[in-house]
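Please open the model in your viewer, keep the selection panel at hand, and follow the stops below in order.

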Amino acid sequence: MSTPLDRSIESLARTGMTRFFLRMFDDAPDLLLKNLTVEAIGPDRTFKIGGKWLRNFGSDSFLGLDQHPAVIAAVERGVREWGAHNGTSRAFSQVEPQCEAEAKVAQWLGTEDAVIYPSVTLANMGALPALATRHDVIVLDQYAHNSMEEGMRIAKARGVRTAKFAHNDPADLDRVLRGLRPFRHAIVAIDGVYSMSGQLPPLQDFQRVAQSHDGFLYVDDAHGTGVLGTNGRGTVADALGGYENTLVVGSLSKAVSCLGGFLAGGRDAIEVIKLRSNSLIFGGPVPPPYLVAVCAALDVIMSPEYACLRSTLDANVRRLVDGASNLGYRVLGGHVPIVSVLIGQEEATLRAGRFLFDAGYYVQSVVFPAVPHGSGVLRMQVNANHTPESVDGLVGALAELIKAFPECDHESHHRNSASARREAIPA
Ligand SMILES: Cc1ncc(COP(=O)(O)O)c(C=O)c1O
């Protein structure tokens, strides 16, 4: 006899996106390439799946620091010195590497202080509600990352008024804020870089509009961390000349190859956020070995070695962007080492990903709902430890793809360029 739990799960399985994905699992199990299990990793960003070695173009570890001897040694040292986990919320205590890692993040960025959460998602879900009261408003770019939207929803449930404004549009931000008047302060939440479209926000214009409404900027620069700006500090400092009236969020799990998300800014702001952020107060911290590793990874990023890693990475990105463009693909992105080519329909996008997989290259087929219907892309993450030969190999496989599936080529050539660019932005 079925229980209420069974019946509840059954009805959830028939709902919205869950139904869509379950049907896809049934209808196209070979095409989906989801829930893959990596059996082993090899040198030069290779890995083994289903007994087959592939070139992995699906890693956000852009600088290849996950394989750096100093970072690996730091994790090992951290385990020996601190054990696997200290097992306590920061509301009670923290280990020294937590303070060292936060000080190092602030030193690297040039902010007064920083706080590290276990992920960027938890940073956004903890900090955004912490920053607003029912006298304030939160406004979000319509294409900002889902985790900020979740943070905004928590704030809304506590009585904060919230709204969205048109993507990268300071005039619309101004219109939305006027409509929300009166309020005490406005939090303007945006991404530092929109990874799929490659677009950067007009930070100076947003800052001007925010200030004119007693507002400040909250910038989730997860994808810019380590790979954009002077010394990899991301988009904010270079665009605004500093961090005044701005809080910046960054990732320690992507280019930094460790674990966590940081929020950085003025000392007073960080102190208050720490006291008001439920995901910090009621949740656990990044385990100590990874905090030790964050320090080691940031030492590499702040050393002369960084210029070398960054120029190898940038050269690999250029090689792929040029190769794919020369083949006639419509390339989206390129500001960060995520290069997407527009394919179009969902099934064509999945088939294209499968074709490259069979040719020995893993890339991600991104389809609705991550992108709008009919605007599927192949997303290729370029890393500093890809060899030029493997980038050339991927370009060769993309050339074969056009021959094998002329309809993909058709999709990317014949869609209206401006509208395709506008559409192919992740939700
Ligand atoms: C802008 C942005 N914010 C947040 C996240 C989530 O980061 P995390 O995995 O640390 O929760 C991502 C992940 O891709 C992101 O791109």
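Select helix α15 (residues 346-358) in this predicted model, and colour its buried positions, which are Glu346, Ala348, Thr349, Leu350, Arg351, Ala352, Gly353, Leu356 and Phe357. If you place a distance between the end C-alpha atoms of α15, it should read 19 Å, which agrees with the 18 Å that its 13 residues should span at 1.5 Å a residue. Just after α15, select Gly360, which takes a positive phi of about 100°.

Next, colour the chain by its domain assignment, which gives domain 1 (19-56 + 305-423) and domain 2 (67-301). The C-alpha centres of domain 1 and domain 2 lie 28 Å apart, and the contact takes 16 residues from domain 1 and 15 residues from domain 2. On the side of domain 1 that touches domain 2, the elements to select are α14 (305-326), β11 (331-333) and β12 (338-344), each of which gives two or more residues. Of these, α14 gives the most, with four residues, and by class this side of domain 1 has eight nonpolar, five polar and three charged residues.

Now turn to the largest nonpolar core, which has 112 residues, and pick out Ile138, Val188 and Ala189, the members that touch the most others. Helix α13 (residues 288-301) gives the most to this core, with nine residues. Domain 1 and domain 2 both give residues to this core, so it lies between them. Which residues does Ala189 touch, not counting those up to four places away in sequence? Select Leu128, Ile138, Leu140, Ala144, Met148, Met152 and Tyr218 to display these partners of Ala189.

From the core, move to Arg134, which lies in the loop between α6 (120-131) and β5 (137-141). Is Arg134 buried or exposed? Arg134 is exposed, because 12 other C-beta atoms lie within 10 Å, and a residue counts as exposed at 12 or fewer. Leaving aside its neighbours within four places in sequence, Arg134 is in contact with Gly159 and Val160. If you add Val272 to the selection, its C-alpha atom is separated from that of Arg134 by 17 Å, although the two residues are 138 residues apart along the chain.

For the last stop, display the ligand and the 13 residues that surround it, of which the closest are Ser119, Val120, Thr121, His145 and Ala222. Coloured by class, the shell around the ligand has two nonpolar, nine polar and two charged residues.

Terms used. Residues numbered from 1 in each chain as written. Predicted model: local features only at pLDDT ≥ 70, side-chain atom pairs only at ≥ 80, totals over all residues. Near = placed C-beta within 6 Å. Nonpolar A, V, L, I, M, F, W, Y, C, P; charged D, E, K, R; others polar. Core = buried A, V, L, I, M, F, W, Y, C linked by C-beta atoms within 7 Å. Buried ≥ 20, exposed ≤ 12 C-beta atoms within 10 Å, placed from the backbone. Domains from an automatic or database assignment. Contact = placed C-beta atoms within 7 Å. Expected span 1.5 Å × (residues − 1).
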